[in-house]
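Subject: The structure for you to look at

Hi,

Here is the structure I promised to pass on. Have it open while you read, and my notes follow below.

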Amino acid sequence: MHTIRLRYPWTRQARSGESCRIDVPEPMEFASNIDEATYSRRFNRPTGLEEGDRVWLRISSWQGTLTSLRLNETEQSIAGTHIELDITEQMKLHNLIEIALSPSDTNQARLDGEVTIEIRRDR
């Protein structure tokens, strides 16, 4: 397995229109009290993929409620406390991931976990 960490640059777009570039995981000191936020980042299709390789998107954690996850403008199914999706067939040469969060009763909206692409070889 080969892991690619999607750390920087991410864009955090608040519903109010405020936008800034951030690292992910988002450090607590840079988080702000915003109603809802969409985190977006572009990434390229990994090179060197071979037949039988599968590409997985992993989101280890977040604060608040994950309301939407889109890859290349296509809504993805989400459930649970972390995300692990096989995105092999949905990837293009250039990709866009969008993660929408809203605050919960106890947490502000913040992408505080690692977002990674994993290449898994089926051999």
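Let's start with V115. Leaving aside neighbours within four places in sequence, V115 is in contact with I4, R5, L6, W10, V24, L57, R58, I59, I97 and I99. Please keep in mind that this is a predicted model.

V115 also belongs to the largest nonpolar core, which has 26 residues. Along with W10, I87, I99 and L111, V115 touches the most other members of that core. Each of β4, β5 (53-59), β6 (65-71), β8 (83-86), β9 (94-102) and β10 (115-121) supplies at least two of the core residues. In general, nonpolar side chains of soluble globular proteins tend to be buried together.

Now to the sheets. One is an open sheet of 4 strands, antiparallel, in the order β1-β10-β5-β8. Its edge strands are β1 (2-5) and β8, and each of them pairs on one side only. On average, neighbouring strands here are turned by 20° against each other, direction ignored. Within this sheet, β5 and β8 run antiparallel and are joined by 4 bridges; L57 stands opposite L85 in β8.

The other is an open sheet of 6 strands, also with antiparallel pairing, ordered β3-β2-β4-β9-β6-β7. At its edges are β3 (19-22) and β7 (74-75), each with a single partner strand, so one side of each is left without a neighbour in the sheet. Further in, β2 (residues 10-14) pairs with β4 (residues 37-44) in the antiparallel sense over 4 bridges. If you want a spot to zoom in on, Q13 has T38 in β4 as its bridge partner.

Happy browsing!

Methods
Residues numbered from 1 in each chain as written. Predicted model: local features only at pLDDT ≥ 70, side-chain atom pairs only at ≥ 80, totals over all residues. Heavy atoms only, no water. Pairing = 2+ DSSP bridges. Core = buried A, V, L, I, M, F, W, Y, C linked by side-chain atoms within 4.5 Å. Buried < 20%, exposed > 50% of the residue type's maximum accessible area, 1.4 Å probe, protein only. Contact = heavy atoms within 4.5 Å. Axes fitted to C-alpha atoms, helices over the stretch in contact; angles between N-to-C directions.
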